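Visitor: I would like to learn how to read a structure of this kind feature by feature. Could you take me through one, giving the general idea and then the case at hand?

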Amino acid sequence: AGVAEWDAGRLRDLAAQIAEFEPRRDARLVDVGCAGGGLLRELISRGFRCSVGIDPSAGCVDVAAATG
């Protein structure tokens with residue numbers, strides 16, 4: 001399942017805001033309700049190495065695990 005372009009843009013913008021707020025790339029970040037992990041992928045692409053996500057939906061966890 002892909003991500004709609006408007007949603008991908010929203011996640012890119014949010015990751016950019018987080019990167020501006022938190023300049024340390026070794027900061028520990030948790031995405032609560034991470035869904036398919038789109039924000040996590042954006043954060044990792046910006047160098048945030050300690051990013052993890054949690055979601056109560058097993059389906060979302062499966063999607064996030066399958067897409068990296």
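Visitor: Which backbone oxygen does the side chain of Ser 51 reach?

Guide: In this model, which is predicted, the side chain of Ser 51 reaches the backbone oxygen of Phe 48, at 3.3 Å. Ser 51 lies in strand β2, which covers residues 50-54.

Visitor: Is Ser 51 buried or exposed?

Guide: The cut-off to keep in mind is that a residue counts as buried under 20% relative accessible area. Ser 51 has a relative accessible area of 12%, and is therefore buried. When residues up to four places away in sequence are set aside, Ser 51 touches Leu 29, Leu 40, Leu 43 and Ile 44.

Visitor: Leu 43 is in that list; what is Leu 43 in contact with, leaving aside its neighbours within four places in sequence?

Guide: With those neighbours left out, the contacts of Leu 43 are Ala 15, Ile 18, Leu 29, Phe 48 and Ser 51, so that Phe 48, whose backbone oxygen is reached by the side chain of Ser 51, appears here as well.

Visitor: How should I read a nonpolar core, and which residues make up the largest one here?

Guide: The general idea is that in soluble globular proteins nonpolar side chains tend to be buried together. In this structure the largest nonpolar core has 7 residues, namely Leu 11, Ala 15, Ala 19, Leu 29, Leu 39, Leu 43 and Phe 48. Helix α1 (5-21) and helix α2 (38-45) each supply at least two of its residues, and α1 gives the most, with 3 residues.

Visitor: Which residues of α1 are buried, and what do they pack against?

Guide: The buried residues of α1 are Asp 7, Ala 8, Gly 9, Leu 11, Ala 15 and Ala 19, and the buried residues of this helix pack against α2.

Visitor: How does the length of α1 compare with the span that its residues should give?

Guide: The check rests on 1.5 Å a residue, from which the 17 residues of α1 should span 24 Å; the end C-alpha atoms of the helix are 24 Å apart, so the two values agree.

Visitor: Turning to charged side chains, how many salt bridges does the structure hold?

Guide: As a general idea, side chains of opposite charge can pair when their charged atoms come close. The structure holds 4 salt bridges, and among them is the pair Arg 12 and Glu 5, whose side chains meet at 2.8 Å, N to O. Arg 12 is partly exposed at 32% relative accessibility, whereas Glu 5, at 57%, is exposed.

Visitor: Which side chain does Arg 24 meet in a salt bridge, and which one does Arg 46 meet?

Guide: Arg 24 meets Glu 22 in a salt bridge at 3.0 Å, N to O; Arg 24 is partly exposed, with a relative accessible area of 49%, while Glu 22 is buried at 15%. Arg 46 meets Glu 42 in a salt bridge at 2.9 Å, N to O, and here Arg 46 counts as partly exposed at 27% relative accessibility, whereas Glu 42, at 18%, counts as buried.

Visitor: How can positions far along the chain be compared in space, and where is Val 3 placed?

Guide: One way is to set separation in sequence beside the distance between C-alpha atoms. Val 3 is in the segment before α1, and although Val 3 and Gly 38 are 35 residues apart along the chain, their C-alpha atoms are separated by 8.0 Å. Val 3 is partly exposed at 44% relative accessibility and, not counting residues up to four places away in sequence, touches Ala 8 and Arg 41. A further pair is Ala 58 and Ala 35, which are 23 residues apart in sequence and 9.5 Å apart in space, C-alpha to C-alpha. Ala 58 belongs to helix α3, residues 58-67, and is exposed, with a relative accessible area of 53%.

Visitor: What order do the elements of the chain follow from the N terminus on, and how compact is the chain?

Guide: The chain has 3 helices and 2 strands, and from the N terminus on they run α-β-α-β-α. Its radius of gyration is 12 Å, close to the 11 Å that the globule rule gives for 68 residues, so the chain is as compact as a globular protein of that length. Buried residues make up 31% of the 68 residues in the chain.

Methods: Residues are numbered from 1 along each chain as its sequence is written. This is a predicted model: local features need pLDDT of at least 70, side-chain atom pairs count only at pLDDT 80 or more; totals for chains, interfaces and linings use all residues. Side-chain values use heavy atoms; hydrogens and water are left out. A nonpolar core is a set of buried Ala, Val, Leu, Ile, Met, Phe, Trp, Tyr and Cys residues joined through side-chain atoms within 4.5 Å. Buried means under 20% relative accessible area, exposed over 50%, partly exposed in between (1.4 Å probe, protein chains only). Helices (H or I, at least four residues) and strands (E, at least two) are DSSP runs, numbered from the N terminus. Contact means heavy atoms within 4.5 Å. A polar contact is a pair of N or O atoms within 3.5 Å; within protein, one must be able to donate a hydrogen and the other to accept it, and residues adjacent in sequence count only if both atoms are side-chain atoms. The expected span of a helix is 1.5 Å times one less than its number of residues. The radius of gyration is taken over C-alpha atoms; the globule rule is 2.2 Å times the number of residues to the power 0.38.
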